[in-house]
Amino acid sequence: MPESDHTGAVLTIDLNAIVANWLLLRGMLAGAECAAVVKADAYGLGADRVAPALARAGCKTFFVAHVGEGVAVRRALPNATIHVLNGPVPGSGKTLIDHQLVPVLNSLGDIESWGDLARTHGAPLTADVHIDTGMARLGLPPDETETLIREPERLDGIKLTFLMSHLACADEADHPLNHQQLTDFLRVRQPFKDVRASFANSSGIFLGPEYHFDLARPGVALYGVGPRPGETNPMAQVVRLQGKILQVRDVDRPQTVGYGASHRVVRRGRVATVGVGYADGYLRSLSNSGNGYIEDIRVPIVGRVSMDLITLDVSDVPVDAACPGALVDLIGPHNPVDTVAAEAGTIGYEILTGLGSRYHRVYLDSAD
Ligand SMILES: *Cc1c(COP(=O)(O)O)cnc(C)c1O
């Protein structure tokens with residue numbers, strides 16, 4: 001991890017807030033278990049720190065996307081249940097078994113190959129089955145689902161842990177697809193009565209108890225992103241990104257700032273240069289649209305975001321508060337992840353998972 005003095009910014013990740021968010025979601029699930037999705041290195045925040053913190057808080061079940069991510073989480077958590085959403089890709093069988101990872105079977109082909117492996121293994125192998133009810137992405141498509149219902153012997157040798165499906169529009173509470181997917185999932189579930197079911201992601205938890213089933217799979221809400229866009233965000237903020245000022249200069253018309261001369265100076269003022277750029281995941285679409293904060297004073301991005309640098313208008317900030325070495329909140333109390341995402345024309349998921357590797361990372365953890 002780079003020394004803070006040698007980097008352009010400090011990224012603070014509040015593990016206590018992640019735990020508080022998990023406890024809040026768990027509290028909403030009357031009878032259902034609350035898992036945690038820690039794919040993509042816990043949405044960019046560091047699965048090696050996030051997963052153990054959640055495990056200490058009582059989380060027993062984790063989801064990753066890739067087999068390799070599952071191996072990494074297993075190293076951190078010897079006793080947790082770890083599910084691999086992208087399933088048993090060819091050649092991964094031994095690794096899945098050796099690390100006791102539970103693959104999500106996403107097709108009849110997956111079921112066949114996992115069943116074959118179980119029969120040569122000589123003991124039942126656990127797995128989940130994912131039914132596609134409206135994503136057309138992963139999971140058994142409707143025709144394969146009907147085949148599986150007619151021919152349940154295809155699951156011989158497989159110990160089914162969860163029957164799962166995934167919502168396409170959970171963040172739009174009124175979208176008709178939510179209820180349609182629920183109805184389809186309930187119907188498919190009938191013949192698998194004694195198998196536990198899992199349906200809701202973060203936003204799905206907020207759709208109500210009929211969406212909860214036996215296990216919910218929240219990801220993004222754990223990391224502070226609002227699960228109900230447009231409504232008050234009940235989640236605690238997890239991430240703070242503080243960029244360091246390298247230089248401050250006086251500017252006046254008819255100057256321009258940055259590549260492409262896209263910002264034209266209209267009055268005397270000051271511009272601060274901060275050592276964060278699109279190579280750090282500070283998206284180029286924030287050019288002339290993003291905002292930083294120094295204390296509670298807004299300092300807008302002026303000019304284009306470049307690879308390693310951004311420029312901000314600090315004219316409204318007292319000179320001794322906007323000086324080399326001073327910190328600018330690029331993500332913080334006044335500009336949380338969702339706000340930055342909106343300014344960049346994207347979603348909080350993309351801001352988090354893009355957080356760069358050049359930042360000095362600080363973890364807040366009451367267990368330390
Ligand atoms: C990523 C993912 C989740 C978690 O979704 P969030 O919206 O981040 O809560 C749950 N289930 C599946 C299948 C996923 O791919």
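Biologist: Which residues are buried in helix H7 (residues 142-150)?
Modeller: This is a predicted model: local features need pLDDT of at least 70, side-chain atom pairs count only at pLDDT 80 or more, and totals for chains, interfaces and linings use all residues. Residues are numbered from 1 along each chain as its sequence is written, and side-chain values use heavy atoms, leaving out hydrogens and water. Buried means under 20% relative accessible area, exposed over 50%, and partly exposed in between (1.4 Å probe, protein chains only), while helices (H or I, at least four residues) and strands (E, at least two) are DSSP runs numbered from the N terminus. In H7, the buried residues are Thr 145, Thr 147 and Leu 148.

Biologist: How wide an arc around the axis do these buried residues of H7 cover?
Modeller: An α-helix has 3.6 residues a turn, so residues three or four places apart point the same way. The arc is that of the directions from the helix axis to the C-beta atoms. The buried residues sit on the same side of H7 because their arc is only 160°.

Biologist: Which exposed residues does the face of H7 turned away from that side carry?
Modeller: First look at the buried residues, which pack against helix H6 (108-121), strand E7 (125-130) and helix H8 (176-189), where a contact means heavy atoms within 4.5 Å. Turned away from this buried side is a face with the exposed residues Pro 142, Asp 143 and Arg 150.

Biologist: Let's move to H8. Is Gln 181 buried or exposed?
Modeller: Gln 181 belongs to helix H8. Not counting residues up to four places away in sequence, it touches several residues, including Thr 133, Gly 134, His 166 and Phe 199. Because its relative accessibility is 0%, Gln 181 counts as buried.

Biologist: How far from a polar side-chain atom of Gln 181 is the backbone nitrogen of Ala 168?
Modeller: A polar contact is a pair of N or O atoms within 3.5 Å; within protein, one must be able to donate a hydrogen and the other to accept it, and residues adjacent in sequence count only if both atoms are side-chain atoms. For Ala 168 and Gln 181, the distance is 2.9 Å.

Biologist: How much of the area that the ligand exposes alone does the protein bury?
Modeller: Among the 14 residues around the ligand (each with a heavy atom within 4 Å of it), Lys 39, Tyr 43, Ser 202, Val 220 and Tyr 349 come nearest. A ligand oxygen is 2.8 Å from an N or O atom in the side chain of Lys 39, one is 2.6 Å from such an atom of Tyr 43, and a ligand nitrogen is 3.4 Å from a polar side-chain atom of His 166. Taken alone, the ligand exposes 390 Å² (Shrake-Rupley method, 1.4 Å probe; for residues, only the protein chains shown count as cover). The share buried by the protein is 93%.

Biologist: Now a strand: which residue in E16 is the bridge partner of Gly 292?
Modeller: Both faces of strand E15 (residues 291-294) are covered, with Asn 291 and Tyr 293 buried on one side and Gly 292 and Ile 294 on the other. Strands pair if DSSP finds at least two bridges between them, and E15 is antiparallel to strand E16 (residues 297-300), with four bridges. In E16, the partner of Gly 292 is Val 299.

Biologist: Which residue in E5 is the bridge partner of Thr 61?
Modeller: In strand E4 (residues 61-64), Thr 61 and Phe 63 point one way, Phe 62 and Val 64 the other, and all are buried. E4 runs parallel to strand E5 (residues 81-84), joined by four bridges. In E5, Thr 61 has as its partner Thr 81.
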